[in-house]
Amino acid sequence: MAYFGNNQQRGELQELFTDLNDLNFDKKKEAIKKVIAYMTVGKDVSQLFQSVIKCLEFQDIEMKKLIYLYIVNYSRQKPDDAIMVIQNFRKDVRKSENPLVRALAIRTFGCLRVPKLNEYLIEPLKDCIQDDDPYVRKTAVLCVPKVFEVSPELCPALLELLQKLLEKESNALVLANLIQSMREIEVVNGKQLILMNPKIIQKLLLAIDECMEWGQIFILDYLATYDPVESKQAEIIIERTLPRLSHINPTVTFCAVKLILKYLDHLDNGDLVKNLCKKISPSLISLLSWNQPEIQYTILRNISLILQKFPILFENEVKVFFCSFNEPYYIKYEKLDIMVRICDSKNFNQVLNELMIYINEADPHFVRKTIKSIGKIGIMYDKALSEAVSILVEFAKNVQQANESVQELFIQMQILYRKNRNLYKTNDSLKILFNILEYANEPEAKSACTWIVGEFAEFIPKSVDKMKEYIDNFLIEDRLVQLQLLTSGVKLYIKYPSLCSALIQQLINSAKDSFNPDVRDRTYIYWRLLSTDPEIVKNLVCSVPTNSSQFQKDIRLWETKDLIIALENMGSISNLFHKLPNQLYKNIKIRNNHQQEAKIYKADEKQDIPQKEQEIKKEDQNQQIQQQPKQDFDLLNFDEPVSKSNNNKIDVYDLI
């Protein structure tokens with residue numbers, strides 16, 4: 001009969017305690033199996049720690065595996081008791097003739113992760129690194145990063161041993177794991193630990209052919225971070241890597257692509273670079289043929305990064321990135337971005353025709369992204385402007401409700417109008433847009449509509465009435481809309497001073513006491529300018545841009561200084577998020593790279609663009625310098641200024 005409640009668990013532990021201390025080996029083994037079973041389901045069997053440790057005296061491998069699993073699980077709870085196991089570990093490492101036992105002991109010792117035990121681990125670990133059996137060496141090499149993570153101050157001697165082992169090791173399995181272990185320590189430490197020389201590089205290249213797939217990945221991934229000394233060395237490494245471009249494992253193929261792309265910067269032969277680019281693109285395209293969307297998404301995210309440095313890589317393969325009807329939308333979004341990056345002056349018609357099909361999709365978010373892509377292409381290429389506007393106008397004719405694709409339509413039309421003001425004549429686009437202005441409900445879309453009304457007021461019959469409708473709701477609008485309303489209202493007032501005198505009075509009265517400092521400051525500046533000289537306001541507000549270089553959209557993902565680091569980490573999780581590793585993980589340190597600028601491999605027709613942009617920028621600066629003396633007065637001084645053109649002066653103070 002049980003007293004003081006149910007003591008079933010106490011009885012089970014007592015029974016296990018008795019079996020563990022029994023002289024019969026079979027009973028001990030069965031008891032340990034039960035202990036591991038209880039531990040697996042979450043029961044606390046830490047009270048049996050001493051009894052389980054005593055069973056290490058037996059040389060049965062199956063029993064040792066179970067006991068080591070138990071020790072790893074409870075060593076953090078009982079670190080003082082775990083010290084008693086050290087002698088047994090050392091005995092298994094040094095005196096056991098079975099390499100499996102030695103490897104099992106050192107692996108378990110490395111998994112303890114108890115700082116006070118690591119000092120006892122260093123000597124056995126050194127012995128295992130120099131062991132005759134390659135399996136033991138491989139296990140010991142993988143144990144070093146675990147020790148470094150807990151006690152880095154104890155590892156300098158181990159790192160020296162690893163470097164020596166790298167120089168004399170001939171087993172491909174050990175080499176691959178050795179490279180990966182030192183790479184993990186480098187990532188955490190932020191310093192280069194592996195001292196490469198031609199002998200080690202030759203050894204690694206030979207090991208690639210003998211390794212399993214994971215070993216090939218480790219070696220190729222590390223070689224991709226190495227900077228060749230000369231062009232000849234880069235050619236040799238690329239030549240040995242080329243067969244991996246057709247490997248059945250997509251990770252091996254992608255690591256080979258990463259390595260070759262890195263070494264292209266070190267080649268002196270331009271024809272060789274072009275030939276290698278032609279070999280790389282089919283390999284990446286073949287990876288997209290996998291039926292697994294996760295792999296496709298990973299490849300597409302990294303292709304977006306590759307195209308920033310290698311725009312010519314897929315210039316003739318735009319059809320590969322056309323969307324299929326049965327693809328997930330996250331795949332379609334990436335393909336849209338890549339199509340915009342691949343698009344050039346030769347194939348923009350082909351891309352726009354494909355995007356015209358996507359614009360009728362059912363998903364409004366996908367349609368919005370398609371409209372944005374059409375706008376980007378129209379901005380980048382002058383020849384594509386009219387066709388892009390025609391596609392968007394055809395879409396606007398069928399708009400019947402306010403959704404997010406309609407909001408993007410207003411935004412992109414505003415940008416296209418800003419680049420070329422004469423586009424309002426295309427297919428009655430201005431009239432069609434004005435009829436659907438009521439569907440704008442997002443701040444950026446409302447701001448775009450306000451800009452269109454103010455910019456083309458003379459071509460819109462009811463522009464004053466529409467502006468009055470916007471100004472009536474001024475106080476409840478977003479800051480972005482309020483700022484644009486001020487500018488568009490002033491434009492309208494300059495074009496129709498008699499019709500808009502009451503309108504500008506209402507606008508300034510509503511905006512001058514705004515709680516937002518940006519809105520309030522812009523109001524007072526316009527107020528002061530209108531009271532001073534309307535011609536200045538006309539030159540500022542109603543000026544038409546003389547060049548379109550300022551509308552060239554920047555579709556880069558990275559700054560130049562970060563592009564090299566991002567390319568070295570292709571295939572990692574950080575690149576899926578389009579972030580640097582140290583931005584995603586706090587404990588990762590980026591190794592300093594001496595290469596300051598990334599070489600961009602552009603097509604021949606695109607190489608002269610930067611020079612033209614510099615010339616246009618110089619002309620703009622000269623025009624600004626010439627116009628600056630004309631506007632040299634204090635806009636924040638509210639005293640009555642002396643104006644040279646008093647004949648055209650309109651006193652807005654009296655008006656309000």
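**Exercise 1.** In this predicted model, determine whether Arg 102 is buried or exposed, and identify the residue with which its side chain forms a salt bridge.

*Solution.* Step 1: Residues under 20% relative accessible area count as buried. Arg 102 has a relative accessible area of 11%, so Arg 102 is buried. Step 2: The side chain of Arg 102 meets that of Asp 131 in a salt bridge, at 3.1 Å from N to O. Step 3: This pair links distant parts of the chain, 29 residues apart, with Arg 102 in helix α7 (residues 99-110) and Asp 131 in the loop between α9 (122-129) and α10 (134-150). Step 4: Asp 131 is also buried, because its relative accessible area is 14%.

**Exercise 2.** Establish which parts of the chain are tied together by the pair Arg 421 and Glu 455.

*Solution.* Step 1: The two side chains form a salt bridge of 2.9 Å, N to O. Step 2: Arg 421 belongs to the loop between α23 (404-419) and α24 (429-435), whereas Glu 455 belongs to helix α25 (residues 443-455); the pair therefore ties together parts 34 residues apart in sequence. Step 3: Glu 455 is buried at a relative accessible area of 10%, while Arg 421, at 22%, counts as partly exposed.

**Exercise 3.** State which residues touch the most other members of the largest nonpolar core, and which helix gives the most to this core.

*Solution.* Step 1: Among the 206 residues of this core, those residues are Tyr 70, Leu 284, Ile 377, Phe 410 and Tyr 417. Step 2: Helix α16 (residues 250-263) gives the most, with nine residues.

Definitions and conventions
Residues are numbered from 1 along each chain as its sequence is written. This is a predicted model: local features need pLDDT of at least 70, side-chain atom pairs count only at pLDDT 80 or more; totals for chains, interfaces and linings use all residues. Side-chain values use heavy atoms; hydrogens and water are left out. A nonpolar core is a set of buried Ala, Val, Leu, Ile, Met, Phe, Trp, Tyr and Cys residues joined through side-chain atoms within 4.5 Å. Buried means under 20% relative accessible area, exposed over 50%, partly exposed in between (1.4 Å probe, protein chains only). Helices (H or I, at least four residues) and strands (E, at least two) are DSSP runs, numbered from the N terminus. A salt bridge is a side-chain nitrogen of Lys or Arg within 4 Å of a carboxyl oxygen of Asp or Glu.
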